[in-house]
Amino acid sequence: MSPLPSGPLTGAAALVAATRRLAEAGVPDPGRDARRLFSHSLGVEPGRLTLVLPEPVDGEKLAVFEALIERRCAREPVSHLTGSRAFYGRRFKVTRDVLDPRPETETLIEAALSEPFGHVLDLGTGSGCILLTLLAEMPDARGIGVDVSEAACAVARENAEALGLADRVHISVSDWVSRVEGMFDLVVSNPPYIARAEMADLAPEVRDWEPAGALTDGADGLSCYRAILDGATEVLAPGGRLVMELGVGQAEAVGSLAVARGFAPIALIPDLDGRDRVIVLGLPQSGF
């Protein structure tokens, strides 16, 4: 791969060289990533980056930028390099211990916010992006987030503090509902839904850098839905909703699993690509 040129560089020249290196490494949309990493290295807002491109780049900041480009060439996600990811208008800390929040998950947010709720449970909370977004959008609500990973819970707690939501949320380790107490009028989850056989086909950024346990159940991609549906019958309050994100092509199978456990489908919601992304369920004995 081509090295970044040595000696004093303008921002524009450094950006061109970095974009070339990322392209040679097969990084999708190399220009976008180069700009994001350059603005991060300089400590400049992305919208103001154009203003500094004609200027020479400080040597230390150029070294930081080159190191980040090297890591991105190894397909490390940009969110890991910058330490955060934007989601539903807020910024969340991201590490290798949690999934990188994705735009399609905002479909789940919209579905959950379509009706009021007071007490929400997030199963497999990860970074906490779903739970904390819902609480930020619903100021009178309170919530609990659980994850089997203590490292993930620690990230979620940091995000709760950063967003000023720590007084309305409790994050703890639990294998689904095994350590959960109380009843909730909203239960949400974006579970590991990638089948083991599909893992090899994932992009390197996902397959090699994100926590495997948050991506796949190591089986058919449906076992976590089975566990959630079983557990939700114990914690879903009368009139409550269970809202879950779906993998591609899983709507029919998850719907069948839900009906077999006494749930009634309320809605199936597509994402912006037209794929069935979110399923909303209720229990008949809860008035559905």
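This tour moves from the whole chain to one annotated span and then to a single residue of a predicted model.

**The whole chain.** Begin with the complete chain in cartoon representation, where 12 helices and 9 strands are to be found. The chain is as compact as a globular protein of its length, because its radius of gyration of 21 Å is close to the 19 Å that the globule rule gives for 288 residues. Aligned along the principal axes, the C-alpha atoms fill a box of roughly 70 × 40 × 30 Å.

**Surface and contacts.** Next, display the molecular surface. The chain exposes about 13,000 Å², of which carbon and sulfur atoms supply 53%. Of the 288 residues, 50% count as buried. Among contacts with a separation of 6 or more, 63% are made by residues 24 or more positions apart. Colouring by charge brings up 27 positive and 41 negative charges, whose mean positions are 4 Å apart.

**The annotated span.** Now select residues 105-198, which an unreviewed UniProt entry lists as "domain: Methyltransferase small". Helix makes up 31% of this span and strand 23%. The C-alpha atoms at the two ends of residues 105-198 lie 20 Å apart.

**Strand β5 and S172.** Then select residues 169-173, which form strand β5, and centre the view on S172 within that strand. Is S172 buried or exposed? S172 is buried, because its relative accessible area of 19% falls under the 20% cut-off. To see its surroundings, show the side chains of G145, V146, D147, C153 and R157: S172 touches each of these residues, with those up to four places away in sequence not counted.

Note on methods:
Residues are numbered from 1 along each chain as its sequence is written. This is a predicted model: local features need pLDDT of at least 70, side-chain atom pairs count only at pLDDT 80 or more; totals for chains, interfaces and linings use all residues. Side-chain values use heavy atoms; hydrogens and water are left out. Helices (H or I, at least four residues) and strands (E, at least two) are DSSP runs, numbered from the N terminus. The radius of gyration is taken over C-alpha atoms; the globule rule is 2.2 Å times the number of residues to the power 0.38. Buried means under 20% relative accessible area, exposed over 50%, partly exposed in between (1.4 Å probe, protein chains only). Contact means heavy atoms within 4.5 Å. Accessible areas come from the Shrake-Rupley method with a 1.4 Å probe; for residues, only the protein chains shown count as cover. Lys and Arg count as positive and Asp and Glu as negative; His and the chain ends are not counted. The place of a charge is taken as NZ of Lys, CZ of Arg, CG of Asp or CD of Glu. UniProt positions are given in the numbering used here, feature names are shortened, and annotations may be inferred rather than shown by experiment.
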